[in-house]
Amino acid sequence: MSLSINYHREGEGPPLVLLHGIGHHWQAWRPVIERLAGEFDVIACDSPGFGRSAALPPSIEPTIASYVDAFEWFFAELGIERPHVAGNSMGGAIALELARGRAIRSVSAFSPAGFWTPAELRFCQLSLTALAQTPAPARPAMEALARTRRGRVALFSQLFGYPARLPAEEAVAALQDAWASPAFVGALDAFRHYRFQSPEQLRSTPLTIAWGRRDRLLPYQLQAPRARAMLPWATHVTLGAGHVPFFDDPAAVAAVIRSCARSAAGDTRASRL
C-alpha cells in the first residue's frame, strides 16, 4: 500500500498512537497529548482522507478494515513495534480491530463505533452526514457561530459533553477540516459494513473501553452495556464526558490510557509509571 499519513509526534517512552473519530483530526487530542508526552512517545495521526492525510487510493473503499490495513502499514513504515493505541469513535473501532492481529500492546477505546443496532447506526450516519454536507453558503455563518460560547453549545452538544470547554479556534478548525475531508461521506457510508464481532480474538490484548455518560451520538446507556457484555474481561470505565471526551475531561482520558498501558504484559517501562 502506498499512502501518506500525516502525524504529530512528541514525547519519550513507549510508543502511543492516537486515532481520532470520523471527520476529525489529530489536534482533537492536544489536551491529552500534553498530559502524556512526558511518559510516552506520542504519535497522533490524521486518518487517511481526514485532516492533512491523503485519502486512500480510489480503488479502496474507506472501511474500518481498510483503515486497519493502512495503520498496520504505517506502523511498519515508521518502525513502530507493538505500540499502545488509543482511539475515539471510528478510531476506537480501528484500535480494537488492530488488536486482532496482535500488532499492538494495549487498546484504550473511547466510545468505539460498532456496538450499534441498525437503527442506531442509521442515526449516527444521518447526524454526521448533516455536518459533512453542510452547504457551502452556510459555512461562514456556522464558523462565526462556533467562535461564540453559546454557538459552540448549539453546534456541538451532540459530540461534546461540555462544548463550551472547546476552544473557539479548535471548533472552527474542526469544522473546516470536516468539510474538507474527502473521505467523510464515503467512510460514513462504509460504516454499514461494520459491527464489532468475535470478541474472543482480543483476549490476549489489555483492553479498556471508556464511554462518556453524556454521549449523544453513540448513546452510553444503549451501547456501553453491549460492549460490557461482549468484552466482560476488559476494563470498562464511565466518563463524565460526551462522545469526544478530550476537551471535556482530558485528565480522565489521560488516566485511562496510562492505566491501560500499565496493564500491558511485558511493558516494563509502563509498569513503572
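This report covers the confidence, the empty spaces and two buried residues of a predicted model.

## Confidence of the model

The structure is a predicted model. Its chain has a mean pLDDT of 94, and 96% of the residues reach 70 or more.

One stretch is marked by low values: over residues 267–273, pLDDT stays under 50. For this stretch the model has 15 contacts beyond four places in sequence. Where pLDDT is low, the predicted coordinates should not be read in detail.

## The largest pocket

Rolling a probe the size of a water molecule over the atoms shows where empty space is left. The largest pocket found in the model has a volume of about 180 Å³. Its lining consists of S127, L128, A130, L131, M142, L155, F156, Q158, L159 and L175. Two elements, α4 (118–132) and α6 (149–156), give two or more residues to this lining. The most comes from α4, with 4 residues.

By residue type, the lining of the largest pocket holds 8 nonpolar and 2 polar residues, and no charged ones.

## The cavities

The model has 2 cavities of 30 Å³ or more. About 220 Å³ of space lies in the largest cavity. It is lined by 18 residues, and those nearest its centre are I22, G23, H24, L131 and L159. The elements that supply two or more residues to this lining are α4 and α7 (168–180). Of the elements, α7 gives the most, with 3 residues. The lining of the largest cavity divides into 12 nonpolar and 6 polar residues, with no charged residue. L131 and L159 are thus named twice, as they also line the largest pocket.

The second largest cavity has a volume of about 40 Å³. Around this cavity lie I209, W211, Y220, A224, R228, H236, V237 and T238. At least two residues of the lining come from each of β6, α9 (220–230) and β7 (235–239). In the second largest cavity the lining residues are 5 nonpolar, 2 polar and 1 charged.

## H25, in a loop

H25 is found in the loop between β2 (15–19) and α1 (30–36). Is H25 buried or exposed? Its relative accessible area is 1%, and the cut-off for buried is under 20%, so H25 counts as buried.

Leaving aside residues up to four places away in sequence, H25 touches H20, D46, G51, E170, A173, A174 and D177. Two of these contacts are also polar contacts between side chains. One joins H25 and E170 at 2.8 Å, and another joins H25 and D177 at 2.7 Å. In addition, the C-alpha atoms of H25 and C45 are separated by 7.5 Å, while the two residues are 20 residues apart along the chain.

## T208, in a strand

T208 has its place in strand β6, which covers residues 207–212. With a relative accessible area of 5%, T208 falls under the 20% cut-off and is therefore buried.

Which residues does T208 touch, not counting residues up to four places away in sequence? They are V107, S108, A109, T235, V237, V256 and C260. One of them, V237, also helps to line the second largest cavity.

Note on methods. Residues are numbered from 1 along each chain as its sequence is written. This is a predicted model: local features need pLDDT of at least 70, side-chain atom pairs count only at pLDDT 80 or more; totals for chains, interfaces and linings use all residues. Side-chain values use heavy atoms; hydrogens and water are left out. On a 1 Å grid over the protein atoms alone, a cavity is a set of points where a 1.4 Å probe fits but cannot get out, and a pocket is an open set with protein on both sides within 12 Å along at least five of seven lines; lining residues have an atom within 4 Å of a point. Grid points are joined across faces, edges and corners, and a volume is the space filled by probe spheres set on the points. Ala, Val, Leu, Ile, Met, Phe, Trp, Tyr, Cys and Pro count as nonpolar, Asp, Glu, Lys and Arg as charged, and the others, Gly among them, as polar. pLDDT is the predictor's confidence in each residue, from 0 to 100. Contact means heavy atoms within 4.5 Å. Buried means under 20% relative accessible area, exposed over 50%, partly exposed in between (1.4 Å probe, protein chains only). A polar contact is a pair of N or O atoms within 3.5 Å; within protein, one must be able to donate a hydrogen and the other to accept it, and residues adjacent in sequence count only if both atoms are side-chain atoms.
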